[in-house]
Each structure stands twice: as C-alpha cells, then as structure tokens.
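Me: I am new to this structure and would be grateful for a close look at a single part of it. Please describe the surroundings of the ligand, and then turn to the aromatic rings.

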Amino acid sequence: MIDTLGSADVVVIGAGIVGLAHAYEALERGLSVAVVEQGDRATGASVRNFGHACATGLDGDGLRYGTAARSRWAKLAAEAGFWLRRTGTVMVARAEDELAVLREFGEVRGERQVRLLSAAETRERVPLGEGVLGGAWLPEDMRVDPRECVPAIARHLAARGARFHWATTAHGVEPGLVRTSRGELRAGTVILATGHDIDRHFPELAAKAEVKRCVLRMLRVENPYGVTIDPAVQTGFSMARYGGFTACPSLPALRERLGRERPELVGIGLNLMFTQRPDGSLTIGDTHSYDTTPAPFEDEALDDAVLRETAALLGVERLTVLERWRGVYGSGAQSFLIEAPADGVRVVAVTAGVGMTTALGIAPEVFDGLVG
Ligand SMILES: Cc1cc2nc3c(=O)[nH]c(=O)nc-3n(C[C@H](O)[C@H](O)[C@H](O)COP(=O)(O)OP(=O)(O)OC[C@H]3O[C@@H](n4cnc5c(N)ncnc54)[C@H](O)[C@@H]3O)c2cc1C
C-alpha cells in the first residue's frame, strides 16, 4: 500500500526562494501548505547567490515583480528575523561610456531610483582602485544573506503551519496529486518550483521556453579593507547584462567597447560585482556559461579572471580566497516561465539570474491568476 503524506490546499515542490515565496503567499491567503524538497535543506541557487535584490536594474516584468517584492522582503525579514539591508547598489563607472549610460539611466528613472555620484562620492561609499570616473547609487535596492535567509524563511513558514517534507523527491505531478519518494500528497493546487530542473518534469515546457542551465563561478574572499561596504557593488559589465540599461542610448557603445577591449571577459560572461556578507567577507563573481547538461569540470581560468578583475576594481594586489562554489540557474528566452500545464498545476521558474529579486513579487500574481 502506498503511504500517504496527507493533503494540503497548496503543495509546493522545491524549497528554494521561488517555492518559499509561494508557500508564504499561500499562508498569507489562509491556505494550508505542504512543501516537498528533495534535499534535507535547500542548497540550490537560492543559497549560492549574492543576495542582491536588484530591481532597479531590471525592466518589464522583472521590474514589476522586483518592485512588488521589496515590501514582502521587509515584512518577511521582520517576521522571520533575518538580516536585510536597504543600502542600495553602487554602480561604478570606469569609462566615459559607462558614465554616459548611468547619466541616461538617471534621466529615464529619475532621482528616486538613481542618484549620480562623482568619483569622490563613489569612493566615499566603496573603497576602490584607480580609474573610477564616477558612479550611481540605486537607493531602492536591498540585500539579504542568502545562506541565512532561506533557512530562516523555511523555519518561519513551518512555525506558521506549513508542513515541510524534507529529503522527499517529487516524481510525478498531476491535477490534485503529487507522487513522491515517500508516498502521495493530495493537493488543491500544485506549484512546481524546481529551479533549473523544469525539464525533469515538463521537458516540452522547458524546450518551448528554450531553458538551459546557466553555470556560474562564485568565490568568497577576505575583505582587504576590513571596513563595512554596505551597498552591493556593480560595474560596466553589469550594465551590459541587466535589462533596465537597454533604455540607455549609450549602451551599444559600452557593449562594443567591452567586446573589443575585453573579449576574453565578455566571452566568459563576466558580471563583475560583489556584496559583503554579515561577517565582513566579500562574495565576488561571477561568470556565466550555458548548456542543457553542463560539463562537470571547472576551468581555473574563470576563477583567476574573477579574482584578478575584482582585485583591480578594489585596487589591491591580490585577494585571499575563503571559499569557491558553482551556482546553477535556469536560463530561457524570456526571464520568467509561468505555465499551467494542467488544471490546478503551475510551473514557476525564474529563467534569468534574478530570482532573489523577483520571487516574492511573482507569487502574488500567480495566486491572483489561480483565483481569477
Ligand atoms: C551564483 C548565482 C548568483 C545569483 N545572484 C543573484 C542575485 O544576487 N540576485 C538575484 O535576484 N538572483 C540571483 N541569482 C538567481 C537566483 O539565485 C535564482 O533565480 C533563484 O535562487 C532561483 O530560485 P529557485 O527556488 O527557483 O531555485 P533553487 O534555489 O535552485 O531551488 C529549487 C529547489 O527545488 C528542489 N527540487 C528540484 N527538483 C525537485 C524534486 N523533484 N523534488 C523535490 N525538490 C526538488 C531543489 O533541491 C532545490 O532546493 C543568482 C544565481 C546564482 C546561481
């Protein structure tokens, strides 16, 4: 006889930030919730990232979700008691075209979202090396510590009555039912939030949305200055990657110059940025490579490039590495995959590197759609 794990109004598969956001939203709406997670804790993209809620740099749906997520992050941090900083992002300009992009971004978004900084003002906020021409402060962006907040949210939701089935793998999903390695769960609604593993359950949806696995290299280093660096710090490489900056007429020139002057860095998908952890150390990164089934072998040249470029940004000779890791997220033709493959079943995945920014803003819209 098949063990039964009981039933819930909402069964969420995956205890990363996307799954937790939906579990939270379900509880807020007075629904009963069960969460099925294959690990005995979350160890996916949601604990491996910068913890940067960077809505300002997004556009379209991402900007809408990221803006809606802000108040939920603040509420959850207060309720669950985790570290959250409303200290914004400093974008560092080290070339004239980067300055021009920031100026244009400021004109598009206005002073509430973008404050231009002189070189001296940029350095007041962040210790930096040579060649800084100026910058911009994006005051509405926030930061959390992913390693702390993801388990804290899970504990908080469990205390509010969500049932967590850890070390339990979902094998099959159908309307009203989730089959797992420990038995069956009856569900009013199923939310599949398995991150980059959509193709394991709905290969045709993953193929239609052109979802691949994006592999990133990340490192944690000692802070060479031993001071607090409150904002997240991003660079021209970030301007080239985030959708919000496509509104800036100077962006093509910036991209063209980076491709001409630093082809090896553009080739490895460098997004040169860092955030400080509560213990003072710096999370630095990152590189991007895309494949359906990524090779398991790591090229040391990627870490060398991240270390060299971060040291140059900070104006130090070398950095002391404390940890290294690989992160993976789903990457698709669009930044978000929200599908209804069957009645009462929703597949929700952030198919770009912005799930920490947006997940808490996506879940309310998914539930509004279910009710509607
Ligand atoms: C290195 C890196 C840096 C990033 N930086 C940022 C950032 O600063 N800001 C930002 O906004 N975004 C960032 N992102 C993106 C962000 O981390 C992701 O978009 C987000 O974490 C995805 O959340 P998720 O819950 O979908 O996936 P995950 O966190 O990967 O969670 C999916 C969960 O589903 C579980 N699961 C899978 N299959 C099953 C199954 N069959 N049964 C049960 N459980 C299952 C997995 O074990 C996993 O715990 C970054 C990503 C990476 C990798």
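Reply: What follows describes the ligand site, one residue within it, and then the aromatic rings. The model is a predicted one.

The ligand is surrounded by 34 residues, of which the closest are E37, S46, H52, A170 and T357. By class, this shell comprises 15 nonpolar residues, 17 polar residues and two charged residues.

Several polar backbone atoms lie beside the ligand. A backbone N or O atom of H52 is placed 2.7 Å from a ligand nitrogen atom. For I17, a backbone N or O atom is found 3.2 Å from an oxygen atom of the ligand. A polar backbone atom of G355 likewise lies 2.9 Å from a ligand oxygen atom. Of the 1,000 Å² that the ligand exposes when taken alone, the protein buries 95%. Two or more residues of the shell come from each of the following elements: helix α1 (17–28), helix α2 (45–48), strand β13 (212–221), strand β18 (321–331) and helix α12 (355–371).

H52 deserves a separate description. This residue belongs to strand β3, which covers residues 52–53. The relative accessibility of H52 is 6%, and H52 therefore counts as buried, the limit being under 20%. In addition to the backbone approach to a nitrogen atom of the ligand, H52 has a side chain that makes a polar contact with the side chain of T89, at 2.7 Å.

The aromatic rings form the next topic. A pair of aromatic rings is described by the distance of the centres and the angle of the planes. Four aromatic pairs are found when the whole structure is searched. One of them joins W73 and F82: the ring centres are 6.0 Å apart and the planes stand at 90°, so this pair is edge-to-face. Both W73 and F82 are buried. Another pair is formed by F164 and W166, whose ring centres are 5.1 Å apart; the planes are at 15°, so the rings are stacked. Within this stacked pair, F164 is buried, with a relative accessible area of 16%, whereas W166 is partly exposed, with a relative accessible area of 29%.

Arginine residues also lie over aromatic rings. R125 is positioned over the face of W137, at 4.6 Å from the ring centre. R64 lies over the face of Y65, and here the distance to the ring centre is 5.0 Å.

Methods:
Residues are numbered from 1 along each chain as its sequence is written. This is a predicted model: local features need pLDDT of at least 70, side-chain atom pairs count only at pLDDT 80 or more; totals for chains, interfaces and linings use all residues. Side-chain values use heavy atoms; hydrogens and water are left out. Rings of Phe, Tyr and Trp (its six-membered ring) pair if their centres lie within 6.5 Å; planes under 30 degrees apart count as stacked, over 60 as edge-to-face and the rest as tilted. Buried means under 20% relative accessible area, exposed over 50%, partly exposed in between (1.4 Å probe, protein chains only). A charge sits over a ring if NZ of Lys or CZ of Arg is within 6 Å of the ring centre and within 35 degrees of the ring normal. A residue is near a molecule or strand if one of its heavy atoms lies within 4 Å of it. A polar contact is a pair of N or O atoms within 3.5 Å; within protein, one must be able to donate a hydrogen and the other to accept it, and residues adjacent in sequence count only if both atoms are side-chain atoms. Accessible areas come from the Shrake-Rupley method with a 1.4 Å probe; for residues, only the protein chains shown count as cover. Helices (H or I, at least four residues) and strands (E, at least two) are DSSP runs, numbered from the N terminus. Ala, Val, Leu, Ile, Met, Phe, Trp, Tyr, Cys and Pro count as nonpolar, Asp, Glu, Lys and Arg as charged, and the others, Gly among them, as polar.
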